[in-house]
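Work through the exercises below with the model open. Each task is followed by a stepwise solution.

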Amino acid sequence: MSAATLPRLSAAIFLLLQISTTVFAIGVNYGTLGNNLRPPAEVVNFLKTKTKIDRVKIFDTNPDILRAFAGSGILVTVTVGNGEIPALGNLAFARAWVAEHIAPFHPQTRIHYIAVGNEIIHSNDKPLIARLVPAMRSLHRALVLAGIWDIKVTSPHSLGILSISEPPSMGRFRRGYDRAIFGPMLQFLRETKAPFMVNPYPYFGYSPKMANYVLFKPNRGIYDKYTRITYTNMFDSMMDAIYSAMKKLGYADIKIVIGETGWPTNCDYIACSPDNAATFNRNLVWHVNSGKGTPLMPNRKFETYLFGLFNENLKPGPTAERNWGLFQPDFTPVYNLPNIMLGGRGRRGRRPSPTPIAPSAKKWCVPRSGAAVEALQKNIDYVCSSKVDCRPIQAGGACFLPNDVRSHAAYVMNAYYQTSGRHDYNCDFGQTGVLTTVNPSHGGCVYVS
């Protein structure tokens, strides 16, 4: 072997060692809306002995779950319910909350973040939204007074917080919330060295023509004329839109954490399949851990929580809601998970039999069955205070009859969905809206499609 060959060989060996020892840190959302789920202690043992998952996010402060994770070394994010936000602005209440929900478990359970609320901008409850940042500040102060310095306070948001998301370089927060809510929130996160938590779901942007772009497969890409960057996957585009919105307010330095993302294996649309879910999650895990970052955030890794750990058979709503899990309740992988399972193996589950909707099918946004009248009235108030024309539901209008809140909400919620870009999240309305392929038009009342 020549002397000239040795340096190249050494470099190759070093690179191989780097690749072989790379740690793919990944988190998962641990939901519990199922009547067939295993006890928390079994879940913890499964995560530690069978998977590479090293952090979880739960949607409450369930003491049984927190006790089960004690001594496991797994990081845990807990969630403050939206209804608790107003009271948390009071420091005495915040201190009592920390004393009840955090102090008994810390530090044996490695509580990493406290997520204040869950996508509360979608609630359209302006008094509640206005109390979010004060609650975050008060809760942080309560932690400090309790001598707890290693738990960060944040709040997760969908990409519905953006008024502009394309092209990515023009990403902007919704007007009115940019300076009043997100400016103060980002300042708080900077002061406390906490991350901004977002929930990007390329799944909701799926169409057959965009499939490769959404699933990280080879494609021609989408060009941003302002930066002359060609984006080859929707995840990077979404992340850079968030980054651009933060940068516009002067907070480009704040770390971004992915609170939720994933792909369902079964739904009432052609996008859902175990193959698509496996492709998206495998590519995503590699991407966020690669250190490649995004075009506007190069050389970054992103702490990421997949949604979700299990299929949850009691979740309300469309079929997809019950089929986001990486695993069945008995810990069987729903599909192949080589970069999540220890040893790189994962058994492929049996493919569900969805009832597909033709890709060209039109969709309308209507109230979810069981949605409270009060919530639907808030939807009407919110939409009609925006630029949507609500004259059809006023007396004498084509959609005034039947004169009830649910009928009027159906019309305005759909009008908002159709005029806001037809993204699935534009029909969320605090989980009171649902998409349908059945045209709800009746009589002279014609719903926009």
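**Exercise 1. Classify the packing of H5 and H7.**

H5 and H7 are oblique to each other, because angles under 35 degrees count as roughly parallel, over 145 as roughly antiparallel, 65 to 115 as roughly perpendicular and the rest as oblique.

Step 1. Take the geometry. Helix H5 (residues 91-101) packs on helix H7 (residues 132-145) at about 60°, and the axes lie 8 Å apart. Axes are lines fitted to C-alpha atoms, for helices over the stretch in contact; angles run from 0 to 180 degrees between N-to-C directions. Helices (H or I, at least four residues) and strands (E, at least two) are DSSP runs, numbered from the N terminus.

Step 2. Assign the hand. H5 passes H7 in a right-handed crossing. A crossing is right-handed if the near helix is turned clockwise from the far one by less than a right angle, left-handed if anticlockwise.

Step 3. List the contact (heavy atoms within 4.5 Å). H5 gives Leu-91, Ala-94, Arg-95, Trp-97 and Val-98; H7 gives Ser-138, Leu-139, Arg-141, Ala-142, Leu-143 and Leu-145.

Before going on, note the basis. This is a predicted model: local features need pLDDT of at least 70, side-chain atom pairs count only at pLDDT 80 or more, and totals for chains, interfaces and linings use all residues. Residues are numbered from 1 along each chain as its sequence is written, and side-chain values use heavy atoms, with hydrogens and water left out.

**Exercise 2. Repeat the analysis for H12 and H13.**

Step 1. Helix H12 (residues 373-384) and helix H13 (residues 405-419) meet at about 45°, with axes 9 Å apart. H12 and H13 are therefore oblique too.

Step 2. Their crossing is left-handed.

Step 3. Among the H12 residues in contact are Leu-376, Ile-380 and Tyr-382; the H13 side includes Val-412 and Tyr-416.

**Exercise 3. Place Ile-256: buried or exposed?**

Step 1. Locate Ile-256 in strand E12 (residues 256-262).

Step 2. Ile-256 has a relative accessible area of 2%, so it is buried (under 20%; exposed is over 50%, partly exposed in between; 1.4 Å probe, protein chains only).

Step 3. Find its partners. Beyond four places in sequence, Ile-256 contacts Phe-196, Val-198, Met-239, Ile-242, Met-246, Met-297 and Phe-302. The C-alpha atoms of Ile-256 and Ile-242 are 9.0 Å apart.

**Exercise 4. Which residues touch the most other members of the largest nonpolar core?**

Step 1. Apply the definition: buried Ala, Val, Leu, Ile, Met, Phe, Trp, Tyr and Cys residues joined through side-chain atoms within 4.5 Å.

Step 2. The core holds 106 residues; Ile-102, Phe-173, Phe-182 and Phe-196 touch the most other members. Helix H10 (residues 234-248) supplies the largest share, nine residues.
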